[in-house]
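Trainee: I am new to this structure and would like to go through it with you, one question at a time.
Mentor: Gladly; let us look at it together and begin with a loop.

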Amino acid sequence: MRILLTLTFFSIFSFAFAEDRKSIQLLRTAEKMEIDGQLNELVWVQAEVATDFKQYSPIAGANSSQRTEVKISYDDQAIYIGATLFDSRDSITRTLSQRDDVGNADWFGVVFDSYNSGTIGFSFIVTSAGVQVDELHRVQDIDVNWNAVWQSAVVIYDDRWIAEIKIPFSALRFPKESEQTWGINFSRNIRRNREESYWNFYDPTGINLISQLGQLQGIKNVDSPVRLSFSPYVSGYIENNGATNHTSYTANGGMDLKYGLNESFTLDMTLIPDFGQVQFDNQVLNLSPFEVRYNERRQFFTEGTELFNKGGLFYSRRIGGEPLFLYDVYGDLDSNEIVESNPSATRLLNATKLSGRTKGGLGIGLFNAVSSNTYATILNTTTNESRQYLTNPLTNYNVLVLDQNLKNNSSVTLFNGSVMRSGHTYDANLTSGSYQLYSNEQKYQTYGQFNMSQLYFQDSADLGHFAIFGIEKASGQFLWNLQYDESSKNYNPNDLGYFFLTNQRNLNTYLAYNIYKPFWRLYNFWSSLTMTYSRNRVPEAFANFLMVAECGGTFRNFMTAGVWTHIEPVITYDFFEPRVPGRFYEYPRNARVGGFISTDYSKAFALDVNGAFFRFEDDGRYLADLTISPRMRFSDKFFMVLVAGASYSQNDEGAAVTNNFDIPFDGNDPIFAIRDQLTVENSISSTYIFNNKMGITFSLRHYWSKVDYDSFWRLDEAGKYQPTTYTGMTSDNVSLHNNSFNAFTIDMAYRWVFAPGSELSLVWKNSIFSFSEETEKNYFENVGTMVGIPATNSISLKVLLYIDYWTVRQKVGKK
């Protein structure tokens with residue numbers, strides 16, 4: 001997500017939805033509250049009722065099809081919510097799922113804006129099967145990785161189901177005031193109707209949920225508790241490398257610490273972290289000039305990072321990622337030496353983040369992490385002696401973010417990130433200023449951002465910049481955006497971030513029209529048109545003109561479908577594919593069409609289908625892909641998703657990437673090639689959930705891609721193909737380019753949440769990654785060969801214990 005900055009001509013007034021906000025009074029209780037789903041305490045008789053929910057979808061503004069009654073109370077330790085959701089027992093969908101996944105179940109939720117600012121909301125959801133989900137709502141997105149420790153209970157009756165929730169004040173952040181008013185909203189999902197409704201109407205034409213909350217009044221004399229928790233862990237691994245038949249044993253121990261410095265700021269630390277149970281990345285055969293961007297799966301880097309993600313500048317996979325000189329070791333070998341081991345990731349020693357927001361709306365985020373020296377081991381096959389080669393020096397990562405909230409969800413942000421390395425390599429720094437301003441009704445916004453990157457070498461420094469400015473209509477049925485961005489040739493934020501489309505100027509316009517109320521056979525409809533004009537900066541030249549149009553909607557049988565087209569109506573110029581500064585590849589005119597169908601997920605069987613066809617002006621050049629994904633729910637506990645996809649590119653053109661992933665040259669000209677590429681990807685994902693605290697997940701993925709090079713050409717300075725003597729073959733008539741890549745992975749995990757915040761996990765991981773110059777085999781012949789390749793297997797057991805200081809103190813004090 002990119003949070004941007006700019007100047008605005010819009011006036012800024014009070015909160016736009018204030019006059020329409022519902023209000024509910026909170027009732028203090030002195031009773032001992034049992035979270036059992038019975039609602040038999042006296043306070044549930046006396047508390048005010050929130051009812052009359054309105055639909056967000058499928059019929060925006062209509063009354064909810066079922067009655068809902070919500071009551072709320074509090075004491076010195078927590079907020080309590082009792083929700084009665086009327087419906088017949090046989091109609092309630094209550095499929096079990098993993099924590100933080102509502103699955104295919106009815107659910108009830110509450111969101112708190114404890115600062116009543118319309119900028120951040122703490123969301124708690126419990127499904128009819130008792131599964132907990134928590135999220136952090138922000139102006140631009142929702143952080144689904146945020147986790148809190150809280151209690152809930154669900155009981156299902158013949159004509160209703162009841163959800164009772166206890167949210168400790170230690171799970172929230174709120175101001176230090178004797179009397180407070182918070183933002184609040186209650187929500188309900190009726191799965192069989194695909195119906196989502198809210199107590200305070202959530203208008204889908206608005207910018208987000210947290211700008212449309214009701215008010216919670218009556219919170220008095222509540223002190224923010226000591227927010228201190230420890231999460232120590234121990235783990236053990238047994239790993240067998242099938243290629244060497246070597247088995248290793250590893251034991252680890254460490255701890256996460258979370259400490260509330262005051263009512264607004266929290267310190268998070270991870271000491272000697274263990275990420276060995278994290279799911280495999282979906283590796284691919286990458287022939288592009290850009291690095292593949294992988295998702296962050298490590299919990300410490302996914303939760304509580306909203307400030308650090310401002311501006312889209314922080315790519316946390318850099319930390320503990322690939323060593324800086326991973327491949328340099330292969331150029332330092334003598335004739336009798338081999339690389340015995342070469343770790344593909346650096347070892348993270350510790351990481352710390354401090355974040356929070358002052359009463360005046362100033363958000364402050366500080367992040368620091370340290371990774372250790374990383375070495376490859378080189379073996380002398382003659383003397384049997386080993387030596388080490390430094391592939392990554394001791395590295396320190398730092399991020400500082402200052403984010404000031406303004407009225408109407410507006411903000412101004414300053415970001416600074418640095419990477420400092422020991423020894424004689426280089427250091428990096430990235431500085432950014434941005435702001436985002438909304439009009440008084442949050443209907444319009446203007447935004448912008450200016451970044452400066454600095455790389456510091458021993459004798460020199462490289463400076464670069466990136467800037468973006470835009471204006472848009474952000475809410476309503478008709479939306480539009482006009483945006484300009486540019487980046488300099490030397491802009492390089494990639495020691496801490498991810499950005500490769502440098503040395504360009506882009507002008508972009510976006511038009512969209514959405515219908516949120518039912519018409520004809522549709523519940524809703526969306527459509528958009530995007531046009532982008534791009535120029536290269538140095539040398540100054542036209543680069544690209546692109547038009548993308550799409551439309552789609554949800555039918556009354558809850559099937560969703562959409563179509564799109566992608567057109568480049570003129571010859572364009574790719575300045576990235578040649579991988580030589582100043583060179584470009586003349587890209588032909590082309591048109592692409594595609595679409596998708598997704599049936600009703602609430603059914604026991606659902607189906608997703610995606611397809612596309614790309615046609616180029618060149619004779620015989622095209623790309624086609626198709627993905628089919630059936631979703632099967634065998635019971636309320638067992639669920640499976642299959643994905644089968646294939647793509648085929650004929651007479652594709654691009655830089656002639658060798659099997660060592662470099663580019664050959666004919667003199668000063670890069671070698672290009674015409675090639676065919678077939679990719680097949682299949683996966684199985686399934687879950688078996690025993691109860692809302694225990695389950696098994698299984699994920700299997702096989703990716704296979706082969707590329708056959710047909711002919712080679714020299715790319716001249718005019719971007720045209722010229723004949724070359726390069727053949728792409730060795731003296732033994734072996735191709736330097738034809739390649740077949742397999743990635744086969746299994747992740748299977750048993751997880752048991754044996755206490756709030758505490759869990760035991762047993763994980764099996766299996767992997768095969770192989771390259772081959774053989775491309776004559778079809779898919780099934782390839783699978784037959786692949787299963788004979790020795791695999792790497794790992795079995796690990798990890799126990800994590802959550803210890804909350806406040807809870808322990810309360811229990812000790814009662815004895």
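Trainee: In which loop is P539 found?
Mentor: Before answering, note that this is a predicted model, in which local features need pLDDT of at least 70 and side-chain atom pairs count only at pLDDT 80 or more, while totals for chains, interfaces and linings use all residues. Residues are numbered from 1 along each chain as its sequence is written, and side-chain values use heavy atoms, with hydrogens and water left out. Strands (E, at least two residues) and helices (H or I, at least four) are DSSP runs numbered from the N terminus. In that numbering, P539 is found in the loop between β30 (522–536) and β31 (541–555).

Trainee: Is the peptide bond from V538 to P539 cis or trans, and what is its omega?
Mentor: The bond from S57 to P58 offers a parallel case to read alongside, being cis with omega near 5°, and P58 has its place in the loop between β3 (54–57) and β4 (68–74). The bond from V538 to P539 is cis, with omega near -5°.

Trainee: Which residues of helix α2 are buried?
Mentor: Buried means under 20% relative accessible area, exposed means over 50%, and partly exposed is in between, using a 1.4 Å probe and protein chains only. The buried residues of α2 cover an arc of only 60° around the axis, counted from the directions from the helix axis to the C-beta atoms, which puts them on the same side of α2. In this helix, which spans residues 779–786, they are Y779, N782 and M786.

Trainee: What covers the buried residues of α2?
Mentor: Contact here means heavy atoms within 4.5 Å. By that criterion, what covers the buried residues of α2 includes β40 (669–691), β41 (694–715), β43 (739–755) and β44 (758–772).

Trainee: Which residue in β35 is the bridge partner of A561?
Mentor: Two strands pair if DSSP finds at least two bridges between them. Strand β32 (residues 560–568) and strand β35 (residues 590–598) run antiparallel and are joined by nine bridges. β35 is also joined by nine bridges to β36 (residues 605–616), with which it forms a hairpin that has six residues between the strands. Within β35, the bridge partner of A561 is I597.

Trainee: Why is the pair of F308 and F367 edge-to-face?
Mentor: The structure holds 53 aromatic pairs, where rings of Phe, Tyr and Trp (its six-membered ring) pair if their centres lie within 6.5 Å, and planes under 30 degrees apart count as stacked, over 60 as edge-to-face and the rest as tilted. The rings of F308 and F367 have their centres 5.9 Å apart, and the pair is edge-to-face because their planes are at 65°.

Trainee: How many residues apart are F308 and F367?
Mentor: F308 is in the loop between β17 (265–271) and β18 (337–341), whereas F367 is in strand β20 (residues 362–371), so that the pair links distant parts of the chain. F308 is buried at a relative accessible area of 0%, and F367 is buried at 4%. In sequence, F308 and F367 are 59 residues apart.

Trainee: Is N733 buried or exposed?
Mentor: N733, which is not a glycine, has a positive phi of about 65°, and its place is in the loop between β42 (721–722) and β43. With a relative accessibility of 59%, N733 counts as exposed.
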